[in-house]
Amino acid sequence: MAQFKTHLAGGMVAGAGVSVLGLFTYGLNLTQACAVFVIGSVGGVLPDLDSDSGKPLSLLFELISVLIPALLFMSFVRQEWISPEFLVCYFTFSYLFINYVACTVIKRLTVHRGIMHSVPFALFCGGIGYLLFASSGKVIATIAGLAVLAGCLTHLVLDELNSFTLKFGFIPWLKRSSGTALKLKSNSLATNLLVYCLIIIVAIAIFFVS
Ligand SMILES: [Zn+2]
């Protein structure tokens with residue numbers, strides 16, 4: 001498995017690429033381009049949500065426990081609810097829920113290099129990226145979804161590239177981890193059904209919000 005820093009760098013490159021494309025081809029403004037860059041970078045480390053330990057994982061959860069409530073805020077919170085006391089409760093409970101409850105559940109339910117290291121999971125994350133930005137319009141939502149997808153796919157490719165080693169110092173050799181990142185399914189039929197169903201649900205949601 002490639003290191004966290006490598007994945008973060010890969011995600012940043014993917015995010016920057018999509019962001020520049022959006023800036024010059026689709027007329028995004030600088031704030032939008034910056035947001036696309038950030039979520040592309042997050043996409044670059046997302047598949048490692050299934051690794052159970054380490055500081056990078058807690059950093060990733062802390063980041064998404066701030067970003068997700070902030071993005072959902074736009075779609076679900078009504079103007080008349082907003083008050084200092086609401087903001088304190090909303091952000092504190094969202095942070096605690098994602099960082100502790102969701103984190104514990106994901107750690108229990110996932111195995112490293114399971115379905116989160118797969119092309120369908122990358123597609124699912126891209127779809128979620130679209131939905132989170134849907135309130136800003138189709139163009140930015142599509143670019144945001146593409147940035148997350150590009151970040152996730154870059155992660156999978158980097159993990160696969162890391163599956164090569166040199167035997168006797170010069171013979172290219174595949175490690176046992178080869179083929180466990182850039183794949184279309186996991187070993188569990190139930191998990192495969194779940195992830196493909198989630199993709200269909202997200203696709204339907206995209207159809208209805210567009
Ligand atoms: Zn990985």
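## Exercises on the packing of helix α6

Ala-144 touches Val-36, Ile-39, Gly-129, Tyr-130 and Phe-133 when residues up to four places away in sequence are not counted, contact meaning that C-beta atoms placed from the backbone lie within 7 Å. The model is a predicted one, in which local features need pLDDT of at least 70 and side-chain atom pairs count only at pLDDT 80 or more, while totals for chains, interfaces and linings use all residues. Residues are numbered from 1 along each chain as its sequence is written.

**Exercise 1.** Describe how helix α5 packs against α6.

Step 1. Helix α5 (residues 119–132) and α6 have axes 7 Å apart and pack at an angle of about 155 degrees, where helices are DSSP runs of H or I with at least four residues, numbered from the N terminus, and axes are lines fitted to C-alpha atoms over the stretch in contact, with angles from 0 to 180 degrees between N-to-C directions.

Step 2. The two helices, α5 and α6, are therefore roughly antiparallel to each other, a term for angles over 145 degrees.

Step 3. Among the contacting residues are Cys-125, Gly-126 and Gly-129 of α5, and Ala-144, Ala-147 and Leu-149 of α6. By class, this contact of α5 with α6 has 13 nonpolar, five polar and no charged residues, with Ala, Val, Leu, Ile, Met, Phe, Trp, Tyr, Cys and Pro counted as nonpolar, Asp, Glu, Lys and Arg as charged, and the others, Gly among them, as polar.

**Exercise 2.** Characterise the contact of α1 with α6, and place Gly-10 in the picture.

Step 1. The axes of α1 (residues 4–25) and α6 (residues 138–161) come within 8 Å and cross at roughly 145 degrees.

Step 2. The residues of this contact of α1 with α6 divide into seven nonpolar, 11 polar and no charged.

Step 3. Gly-10 lies in α1 and counts as buried because it has 26 C-beta neighbours inside 10 Å, the cut-off for buried being 20 or more. Leaving aside neighbours within four places in sequence, Gly-10 is in contact with Gly-44, Thr-154, His-155 and Leu-158. Gly-10 and Gly-151 are 141 residues apart in sequence, yet their C-alpha atoms are 7.1 Å apart in space.

**Exercise 3.** Which helix gives the largest share of the largest nonpolar core?

Step 1. This core, a set of buried Ala, Val, Leu, Ile, Met, Phe, Trp, Tyr and Cys residues joined through C-beta atoms within 7 Å, has 40 residues, and those with the most contacts inside it are Val-36, Cys-125, Ala-144, Ala-147 and Leu-149.

Step 2. At least two residues of the core are supplied by each of α1, α2 (30–43), α3 (55–76), α5 and α6, and the largest share, 12 residues, comes from α6.

Key: Two residues are in contact if their C-beta atoms, placed from the backbone, lie within 7 Å. Angles under 35 degrees count as roughly parallel, over 145 as roughly antiparallel, 65 to 115 as roughly perpendicular and the rest as oblique. A residue is buried if 20 or more other C-beta atoms lie within 10 Å of its own, exposed if 12 or fewer, and partly exposed in between; C-beta atoms are placed from the backbone.
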